[in-house]
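Colleague: I have this model open on my screen and would love a close look at a single part of it. Could you walk me through the sheet and what packs against it?

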Amino acid sequence: IEDEKVDVEVRLARGALVVTGSQGDYRFGGKLLPTIAGAALHAISELLDEDIHLCLAGLEEVVLGGRIGLCAVVNAIRDRSVTSYIGCAFIGTERNECAVLAVLDALNRPLGEWKLRSEIHYTIR
């Protein structure tokens, strides 16, 4: 974090497979979670062996069953086609990790169908 700018790095790893994503943004009103989610999408993009562009379409806190959750909507853009996916995670003690988990939840199913450069499993550090 530097003055009004923040740079975020997300590292996803399993054994020898490590992918890193990063994203920088200006800190408008302290909204850090979309930047963290964007860095997670960048890391996942590093695994894709297809021409698919992933972008965060929305990130919103919701109340479900008396608990606060974070829902992420991710758009996967391929050629002229856009497919939207949604993922959620309950907010625990680590809000930043929740943004990554919501993105991973959104892309859990399509990642099994997309061509990847390597096998993927998640460990968040």
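Modeller: Happy to. Three strands make up an open sheet in the order S3-S4-S5, and their pairing is antiparallel. Strand S3 (53-64) and strand S5 (81-90) are the edge strands, each pairing on one side only. On average, and ignoring direction, neighbouring strands of this sheet are turned by 20° against each other. Please keep in mind that this is a predicted model.

Let's start with the pairing of S3 and strand S4 (residues 67-78). These strands run antiparallel and are joined by eleven bridges. If you want to trace the register, begin with Leu54, whose bridge partner in S4 is Ala76. Further along, Glu60 stands opposite Cys71 in S4, and the bridge partner of Glu61 in S4 is Leu70. The hairpin of S3 and S4 has two residues between the strands, and Gly65 there takes a positive phi near 60°.

Now to the other side of S4. Here S4 and S5 pair over ten bridges, in the antiparallel sense. One pair to look up is Val74 and its bridge partner in S5, Tyr85. S4 and S5 also form a hairpin with two residues between them, and Asp79 in the turn has a positive phi of about 55°. As background, strands of a sheet pair through backbone hydrogen bonds, either parallel or antiparallel. In a regular strand, the side chains alternate between the two faces of the sheet.

Next, the helices. H1 lies across S3 and S4 and runs at about 135° to S3. Helix H2 (residues 95-113) lies across S3, S4 and S5, running at about 135° to S5. H2 has a kink of about 45° at Leu107, shortly before the proline Pro110. Many side chains to look at sit along H2: the buried residues there include Cys98, Ala99, Val100, Ala102 and Val103, and Leu107 and Pro110 are among them too.

Two residues of H1 deserve a click. Ala40 is found in helix H1 (residues 33-45). Ala40 counts as buried because its relative accessible area is 0%, and the cut-off for buried is under 20%. Leaving aside its neighbours within four places in sequence, Ala40 is in contact with Val10, Val100 and Val103. The C-alpha atoms of Ala40 and Val19 are 21 residues apart along the chain and separated by 9.6 Å. Thr35 lies in helix H1 as well, and Thr35 is also buried, with a relative accessible area of 1%. Not counting residues up to four places away in sequence, Thr35 touches Val8, Gln23, Gly24 and Asp25.

Val103 links these parts nicely on the screen. Apart from neighbours within four places in sequence, Val103 is in contact with Ala37, Ala40, Leu41, Ile44 and Ala72. Val103 also belongs to the largest nonpolar core, which has 33 residues. The members that touch the most other members are Val10, Leu12, Ile44, Leu54, Val103, Leu107 and Trp114. Strand S1 (5-14), H1, S4 and H2 each supply at least two residues of this core, and the largest share, nine residues, comes from H2. You have met Leu54 and Leu107 already: Leu54 as the partner of Ala76, and Leu107 at the kink in H2.

Notes:
Residues are numbered from 1 along each chain as its sequence is written. This is a predicted model: local features need pLDDT of at least 70, side-chain atom pairs count only at pLDDT 80 or more; totals for chains, interfaces and linings use all residues. Side-chain values use heavy atoms; hydrogens and water are left out. Helices (H or I, at least four residues) and strands (E, at least two) are DSSP runs, numbered from the N terminus. Buried means under 20% relative accessible area, exposed over 50%, partly exposed in between (1.4 Å probe, protein chains only). Contact means heavy atoms within 4.5 Å. Two strands pair if DSSP finds at least two bridges between them. Axes are lines fitted to C-alpha atoms, for helices over the stretch in contact, and angles run from 0 to 180 degrees between N-to-C directions. A nonpolar core is a set of buried Ala, Val, Leu, Ile, Met, Phe, Trp, Tyr and Cys residues joined through side-chain atoms within 4.5 Å. The bend at a residue is the angle between axes fitted to the seven residues ending there and the seven starting there.
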